[in-house]
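Hi,

Here is the structure I promised to pass on. Have a look at it first, and then read my notes below.

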Amino acid sequence: MVSINFPHPFLAKYVLCYVTHDTHFEETEWHHISARGMPMLIFPYHKPADSSFQHGTDGARYERSVVDLPAFLGSNSVFTRCHFKGDVHFVMVVMQMTGGYHFLRQSLSEFANQVCFLDDIQMSRKFEDLQDKLWEVQSGSAAVKLVDEALVAYFQKKPATVKNDFSPVSQYLMSGVPGLKVADLAKKFKCSERWIERQFSVQTGLSPKTWIRLHRFRLAASYWERNPGCSWLDIVVRFGYTDQSHLIRDFREFTGSTPVFHFEHYGQTERFLGINTPGVLIPQDQIA
């Protein structure tokens, strides 16, 4: 079972939601998960899960055969290829756009599409007690409670920086309409395009153009999931693509395949994860 839980209100600036995997797979199953452009944390619980995560077909990966160590996944602009087998138990902390920046307290420019064990980035000691407790629990709800408490304690000690506060821009982008340009953002927030580009790189790891394209893709993909009878031409017009070839190019980049192939083969995975549920990654009024 996959469930979505929301964080303590104190964490709203940092954490979007928790996606808990408490599932059994009789046989090895391979999945492709489309890019979401959000940093994530992975915390295993109960017992190690026979699972894997790899950005694209040959990108950075979780370098162990089972998920048995907490890890940080940088914001991704390519799909994730993963497998699951047997009992799978872990909590994915889906962070806000800038949540990874506030968590690591350093630039994310080198972390895009990367998978890092917390030990590799000198963060494991801060969460050793949490991980020890997670091995003792058996339910996803209990695991989420522990993770939530640990993150509240962590961010209370390390609150978000206020210098170059990017949250107004990120909040606007998460709720904004597709088709925005960097120049539009600079004008709205009365700053330079260079400042926008710099803060995007530092605080998300992605370029603004990539993230804006990715957000439009998520809107289009989520709309199609809820309106499978619509035509691709309708999506092209609704979400501001220049033509169908433009739409297909973006789908290939963010899912690894064409729209039709992706939804025929991996649509169930998208729905299974539930991250596109209205109010999570995509606001309700943008995909209705």
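Before the notes on strands, one definition: two strands count as a pair if DSSP finds at least two bridges between them. Please also keep in mind that this is a predicted model.

Let's begin with strand S3, which covers residues 40–44. Which strands does S3 pair with, and in what sense? One partner is strand S6 (residues 71–73), joined to S3 in the antiparallel sense over three bridges. Since the cut-off is at least two bridges, three are enough for a pair. If you want a spot to click on, find Met40, which has Leu73 of S6 opposite it. S3 also pairs with strand S7 (residues 80–95), again in the antiparallel sense, and here there are five bridges. Over on that side, Pro44 has Phe90 of S7 as its bridge partner.

Are the residues of S3 buried or exposed? Five of its five residues are buried, so the strand is mostly covered. Try looking at the side chains too: Met40, Ile42 and Pro44 point one way, while Leu41 and Phe43 point the other way. Residues on both sides are buried.

Next, go past the end of S3 into the loop that leads to strand S4 (50–51), and you'll find His46. Its phi is near 70°, which is a positive value in a residue other than glycine. His46 has a relative accessible area of 26%, and because this falls between the 20% and 50% cut-offs, it is called partly exposed.

Lys190 is another residue with a positive phi that isn't glycine, with a value near 50°. You'll see it in the loop between helix H5 (182–188) and helix H6 (193–204). Its relative accessibility is 76%, and exposed means over 50%, so Lys190 counts as exposed.

For a contrast, turn to Tyr18 in strand S2 (residues 15–33). Tyr18 has 0% relative accessibility, and because buried means under 20%, it counts as buried. The C-alpha atoms of Tyr18 and Gln203 are 21 Å from each other, and the two residues are 185 residues apart along the chain.

One last thing to find on the surface: a patch of negative charge. Which residues gather there? They are Asp119, Asp120, Glu128, Asp129, Asp132 and Glu136. Asp120, for one, sits in the loop between strand S8 (115–117) and helix H2 (128–134).

Have fun clicking around!

Cheers

Conventions: Residues are numbered from 1 along each chain as its sequence is written. This is a predicted model: local features need pLDDT of at least 70, side-chain atom pairs count only at pLDDT 80 or more; totals for chains, interfaces and linings use all residues. Side-chain values use heavy atoms; hydrogens and water are left out. Helices (H or I, at least four residues) and strands (E, at least two) are DSSP runs, numbered from the N terminus. Buried means under 20% relative accessible area, exposed over 50%, partly exposed in between (1.4 Å probe, protein chains only). Patches are made of residues with over 30% relative accessible area and no salt bridge: like charges are joined within 9 Å, nonpolar side chains (Val, Leu, Ile, Met, Phe, Trp, Tyr) within 5 Å. Accessible areas come from the Shrake-Rupley method with a 1.4 Å probe; for residues, only the protein chains shown count as cover. A salt bridge is a side-chain nitrogen of Lys or Arg within 4 Å of a carboxyl oxygen of Asp or Glu. Lys and Arg count as positive and Asp and Glu as negative; His and the chain ends are not counted. The place of a charge is taken as NZ of Lys, CZ of Arg, CG of Asp or CD of Glu.
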